[in-house]
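Good morning, and thank you for the opportunity to speak. I ask you to look at the structure as I go through it, one element after another.

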Amino acid sequence: MASDDQPKPGESITLDSLQHDILIPQIQAFLDATNDPQAREVYLALKTATESLEVPTDLQLRLGAIVEVALTSGRVRRLFGPGAELSLNSLFLKTPRGREIAQSLTELNKALASLKGQTVEQITSSQRSPGAYSLTVKTSGCQLVIRFEQAGVRVESLEVDLDR
């Protein structure tokens, strides 16, 4: 994603009309599902911000959570189609959680770059806990363990110069 698409720290996220049309019913569903006055207040504020097409920083975590639920459940694609899914994926990358995941992927790609030119000797996967998995890549020069979990992906360990 181009850096000009990313809101700078402290800036609001600007929505387009498609994102507005997708998000309003999603936010309303969360409003309808809660009786907690504090949660309702936050959802109402998010709905108002979404209606104005500008989501301030203090509501971006909640926006990201709603977008993530809508995407991972398949609901957006099912109800609105693949274009809507792409639009919300783009929006998700602008949220704090989306930026965090993008950063973890950048770090993973840096670690994977260390494998360039090496012969892969072994690749294994394992379950660390429910919903958390690892992939181990071993070469003659290093062993890289990548962890995949709901919170994102990260390099769990990187050992180099194994033959020394």
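Let us begin with Val145, whose bridge partner in β6 is Ser157. That pair belongs to a longer ladder: β5 and β6 run antiparallel and are joined by eight bridges. I should say at once that this is a predicted model.

On to the pairing of β4 with β5. These two strands are antiparallel, with six bridges between them. Here Leu135 stands opposite Ile146 in β5. The connection from β4 to β5 is a hairpin, made through two residues.

Next comes β3, residues 120–129, which runs antiparallel to β4, residues 132–139, with eight bridges joining the two. Within this pairing, Ser126 stands opposite Ser134 in β4. How many residues lie between the strands in the hairpin of β3 and β4? There are two, and Gly131 takes a positive phi near 85° in that hairpin.

We can now assemble the sheet. It is open and has four strands in the order β3-β4-β5-β6, paired in the antiparallel sense. Which strands form the edges? They are β3 and β6, since each of them pairs on one side only. From one strand to the next, the twist averages 15°.

I turn to the helix that accompanies this sheet. Helix α6 lies across β5 and β6, and it runs at about 25° to β6. The helix covers residues 96–113, which is 18 residues. Let us check its length. The rise is 1.5 Å a residue, and the expected span is 1.5 Å times one less than the number of residues. The helix should therefore span 26 Å, and its end C-alpha atoms are indeed 26 Å apart, so the two values agree.

Which residues of α6 are buried? They are Arg97, Gly98, Ile101, Ser104, Leu108 and Ala111. Viewed down the axis of α6, these buried residues fall within an arc of 140°, and therefore they line one face of the helix. What do they pack against? Their partners are two helices, α3 (57–72) and α5 (82–92), and two strands, β5 (142–149) and β6 (152–160). On the face turned away from the buried side, α6 carries the exposed residues Lys110 and Ala113.

To close, let me return to the two parts together. The four strands form an open antiparallel sheet, and α6 lies across two of them, β5 and β6, with its buried residues packed against both of these strands. Thank you for your attention.

Methods. Residues are numbered from 1 along each chain as its sequence is written. This is a predicted model: local features need pLDDT of at least 70, side-chain atom pairs count only at pLDDT 80 or more; totals for chains, interfaces and linings use all residues. Side-chain values use heavy atoms; hydrogens and water are left out. Buried means under 20% relative accessible area, exposed over 50%, partly exposed in between (1.4 Å probe, protein chains only). The arc is that of the directions from the helix axis to the C-beta atoms. Contact means heavy atoms within 4.5 Å. Two strands pair if DSSP finds at least two bridges between them. Axes are lines fitted to C-alpha atoms, for helices over the stretch in contact, and angles run from 0 to 180 degrees between N-to-C directions.
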